[in-house]
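Welcome! Take a moment to turn the model around on your screen, and then let us walk through it together, one part at a time.

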Amino acid sequence: MSAAEDQAAVEKVLAGDTSAFEGLVRRWQGPLVNLAYRFCRERSRAEEMAQEVFLRAYRSLAGWRRESAFSTWLFALATNLYCSELRRIPLRTVALDDLAEPPDPRPPDGGLEDQSRDRAVRRAVYALPPKYREVLLLFYFHEMDVPSAARSLGLPEGTVKARLSRGRELLRSKLANAHMGRLVRKEIL
Amino acid sequence: MTQDDLDRILSNEPQILASSGFVDAVMDSVRRQATVPPPIPFPWKRALPGISAVAFTLAVLVIFLIRGSANQSLPPNLVPTLTSLLETWKTFSATWVVLALLLSFASLKLSMRLAGGKT
C-alpha cells in the first residue's frame, strides 16, 4: 500500500466506510507494534499501546492535514502516546535480562558475549533521562534518519541532533562506568 | 565501545510480529467507537450573552468595591443603579448562576481533556 492508497483509505473511512480502516491497520501494525515494543519491552503492553494509537487515529482522522504523509502523522501520534504512556507507567524495574526478548537471529555459538553486551547497551538506553531516551529510540527506529525522528517527536531537527549527541555521550559514559565496575569487582574477587 | 558499535547494536533491534488477532481486536474497538454518537458540543453561541452579562456585572461590582474601599464617595446617580443591580443579582440568584457556569466550564474542560488527551 502506498501513500496514495493510505490517503484513499482515509477518504473512504471519512466518508463512513469503517471497514476501509482495516487496510491501514494491516499496513501499519508491524511498525507501530515494534515502535511500542522499543519503548516498553513488553509484547502485550506494546500491542495494547499500538491498539490505542489506531483507535486515536480513527477518532481524529479528520484532523490529519494532508501537508504531510499519513505515516508521518500516524508516527507522531504514536510517539506522543508512547512517550506519555511510558512517563505515566514507567518500565518495570526488573532487569532487562529477565524480560522475554524476541529470538536473536545470530547463531547461538560464540554469540553469548555479544548478546550480553547488546543487552547491557539496551539497558543503558532505558536508564537515560526520558528526553534523551526518546530521541535515541526514535532515531534508531527510523534507521538513523534525523528528519524522520524529528517529525515523529514534533521537535526541530537541531534539538534532536543536540539531544542525540548528548544522549550518546551519556550512554558511552554509563557503559564505561559499568565496564570499570566489572573490572574492579573481578580484581577484588 | 565506539560510536559505530553503538549504532550497530541499537540499529539491530530484533523485530516482533503482532499477534494474529491484533487486527481483529483493533477493528472491533474501531467498530464500537463508530457506533458511539459524537460528543455534543458546548453551546457557546447560546451561552455567550449570559457569560458576557455576568462578566460585565462582575466587573462593575469590582469597580464599585474598589472605589468604596478607597473611601471615595460614589456619584449620587450611581447609588440607585448599584442598588438595582444588587436587587437584580439577588432576585435571579446570580451567585448560583455564576457558580453553575464556572462548574460547567470546568467539567467541560476536564471531560475534553480526558476524552481527547493531547490529540
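A good place to begin is helix α4 of chain A, residues 70-88. Helices here are DSSP runs of H or I with at least four residues, strands are runs of E with at least two, and both are numbered from the N terminus. Helix α4(A) has 19 residues and spans 27 Å from its first C-alpha to its last, close to the 27 Å expected at 1.5 Å a residue; the expected span is 1.5 Å times one less than the number of residues.

Before going further, a few words on reading the model. It is a predicted one, in which local features need pLDDT of at least 70 and side-chain atom pairs count only at pLDDT 80 or more, while totals for chains, interfaces and linings use all residues. Residues are numbered from 1 along each chain as its sequence is written, and chains are lettered from A and ligands numbered from 1 in the order in which they are written.

Back to α4(A): its buried residues include A:F70, A:W73, A:L77, A:A78 and A:Y82. A residue is buried if 20 or more other C-beta atoms lie within 10 Å of its own, exposed if 12 or fewer, and partly exposed in between, with C-beta atoms placed from the backbone. What covers the buried residues of α4(A)? The cover includes α1 (3-14), α2 (21-40), α3 (43-59), α6 (130-141) and α7 (146-153) of chain A.

One residue of this helix, A:A78, leads us on to the largest nonpolar core, where A:A78 is among the residues with the most contacts, along with A:A36, A:V53 and A:L136. A nonpolar core is a set of buried Ala, Val, Leu, Ile, Met, Phe, Trp, Tyr and Cys residues joined through C-beta atoms within 7 Å. This core has 52 residues, and its largest share, eleven residues, comes from α2(A). It draws at least three residues from each of domain 1 (1-93) and domain 2 (104-189) of chain A, whose bounds come from an automatic or database domain assignment. As background, nonpolar side chains tend to be buried together in soluble globular proteins.

Look next at A:L136. Leaving out residues up to four places away in sequence, A:L136 touches A:V125, A:L128, A:L164 and A:G167, and also B:L10 from the other chain. Two residues are in contact if their C-beta atoms, placed from the backbone, lie within 7 Å.

That brings us to chain B, which has five helices and zero strands. Of its 119 residues, 4% are buried. How many residues of chain B are in contact with chain A? The number is 25, and they meet 37 residues of chain A. On the chain B side, α1 (3-11) and α2 (22-35) are the elements that give two or more residues, and α2(B) gives the most, with ten. The residues on this side divide into 14 nonpolar, seven polar and four charged; Ala, Val, Leu, Ile, Met, Phe, Trp, Tyr, Cys and Pro count as nonpolar, Asp, Glu, Lys and Arg as charged, and the others, Gly among them, as polar.

Helix α2(B) itself has 14 residues and reaches 20 Å from its first C-alpha to its last, close to the 20 Å expected at 1.5 Å a residue. Within α2(B), B:F22, B:V26 and B:V30 are buried. Seen down the axis of α2(B), these buried residues fall within an arc of 60°, so they line one face of the helix; the arc is that of the directions from the helix axis to the C-beta atoms. What covers them includes α2 and α3 of chain A. On the other side of α2(B), B:D24, B:D28, B:R32 and B:T35 are exposed.

Finally, return to chain A for a detail of the backbone. Most residues other than glycine have a negative phi. In the loop between α6 and α7 of chain A, however, you will find A:E143, with a positive phi near 50°. A:E143 is exposed because 9 other C-beta atoms lie within 10 Å. A:M144 is found in that loop too, and has a positive phi of about 60° although it is not a glycine. With 13 other C-beta atoms within 10 Å, A:M144 is partly exposed. The loop leads on to α7(A), where A:A149, A:A150, A:R151, A:S152 and A:L153 are buried. Just after α7(A), A:G154 takes a positive phi of about 70°.
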